[in-house]
Amino acid sequence: MSKSKRFICFTLIEILALAGMCAYGRHMAARRDAEVRAKRELVRALALTDLAIWTEARYTRHPSQADFFTAFQDFPSSLEHFPAGSIMGPSKPGSTAR
Amino acid sequence: MHRHLKILEYALTSLGRRWKKNLAIILVYAFTIAALASVLLLTHSLKTEAALILAGTPDLVVQRLSAGRHELMDTTSVDRIRAIPGVGQVAPRYWGYYYDGLTDSNFTLLGLDSAVPELRLLDGRLPAGPGECAVGAGVAEVRHNRAGDEISLIDGRNIGVIFEITGVFKAESNILTNDLIVLGQQDLIEFFNLPAERATDFSVQVHNPAEVNTVAAKIKKMLPDTRPITRSEIVRTYDAVFNWRSGMMLTIFSSALIAFCILAWDKATGISAEEKHEVGILKAIGWDTPDVLELKFWEGLVISLTAFLLGLIAAYVHVFFCGASVLATVLKGWSVLFPEFRFIPYLDLYQLFVIGFLTVTPYVACTIIPSWRTAITDPDSVMRG
């Protein structure tokens, strides 16, 4: 087989692999829809407001409930003590009504 | 068609002559795209999941602020808020934080009073009486507990209190419950030694979603020391939190971009003497300028398309099959209790096309332009250098 045909075959395999992954992704997202609904039900039942990702500080545990003086509210220049704060972007001044 | 295939054949042979250099370029290029695409896939997945599950949050959460800090809400305000037209149920929420000295981790304690329907994501049941609790999988893991065991915590009076674990939240709900301990409402009030008629905040139900902001404004006017937080603000907060432009993610993204720019700059600033010589020979043996440009186009496309596809596949595998193991360490920060991510593969094809357009096109252009300059020069002078 010539080099050009081998390259075309290789590229097609890559495209097929990627397309397969995308199709698998859509299938998995649809399959896990029930899981998402159960999580939403949990949020509603327990009246939760935030994701339990960063537990190192109050304002990283509950970014949406944090007071004004945090990196997530109206103070973009507030100094960060915790690494998690550095991956959370400040909101644009005036972008919230709070 | 046959002519194009022959030029592609020649391009592949030409690339094969410098295979070490080209392989290195493909690997660096693929790594750059993988890093960039990983960040985008991860943040898109988290943002989508957050938006979907936080759609169940209360319409309004009302907090009290005192001297710029959270203060407990006076529960006598419940009736005043309920009297606002359009407002449904107003429920005080009781919750707080607990630092666990045994494991050096922070737990979130939540008090429940009303009968909660059976939860699919809970093994066991929620606390139904005093001295009972349900815990998140992360808490159960660090304290080596399971349903039926007892867990001891130190309360607000510095006295050890023992609770029986009646349920453990399933690992699927870790993103919401990993650090959570659910107690009965009275147990929580006694545990934190909360004053009478005080709650952490209120959750407010608004019948008409279009009236949420109006109700929030009325609450703010009626109780000036409070801060109403709407559901859309909660969702928007997470949109900002996971925004791909933010902080550390941006650093990773910039590093990848800078590495790619150096690579592209190296190609754009000129072609090597050997490559110039090759173009000169091709011109001398009868190749036209368009043929030379097509050759260079194929060379650029072979490298960039291969790297782009390999990079995307690597990013997908990294994020959705390996739980973004490399980026998760960056995300983790100083959290002791950190949920294991099980990203749902929500894909934004537009995002993938944008990555493709912004990486493949400039590279191909950078390969063609210097070759075009050489190709329009007299072959004799090119070969003589």
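So, confidence in chain A: this is a predicted model, and the mean pLDDT of chain A is 77, with 68% of the residues scoring at least 70. Let's split that up by element. The highest mean pLDDT among the elements of chain A belongs to helix 2, residues 33-46, at 90, while helix 4, residues 83-86, has the lowest, at 61.

Please also look at residues 73-78 of chain A, where pLDDT stays under 50. The model still has 14 contacts beyond four places in sequence for residues 73-78. A friendly reminder here: where pLDDT is low, the predicted coordinates should not be read in detail.

Now, on to the two chains together. How many residues does each chain bring to the contact? Chain A brings 54 residues and chain B brings 73. On the side of chain B that touches chain A, the biggest giver is helix 11 of chain B, residues 289-321, with eight residues. As for the make-up of that side of chain B, we have 44 nonpolar residues, 19 polar and 10 charged.

Let's finish inside chain B. The assignment gives chain B two domains: domain 1 is 2-53 + 242-384, and domain 2 is 73-199. Their C-alpha centres lie 50 Å apart. What does each domain of chain B put into the contact between them? Domain 2 of chain B puts in nine residues, and domain 1 of chain B puts in four. On the domain 1 side, three of the residues are nonpolar and one is charged, with no polar residue there.

That's my tour, thanks for listening, and I'm happy to go back to any part of it.

Methods: Residues numbered from 1 in each chain as written. Chains lettered and ligands numbered in written order. Predicted model: local features only at pLDDT ≥ 70, side-chain atom pairs only at ≥ 80, totals over all residues. Contact = placed C-beta atoms within 7 Å. Helix = DSSP H or I, 4+ residues; strand = E, 2+ residues; numbered from the N terminus. Nonpolar A, V, L, I, M, F, W, Y, C, P; charged D, E, K, R; others polar. pLDDT = per-residue confidence, 0-100. Domains from an automatic or database assignment.
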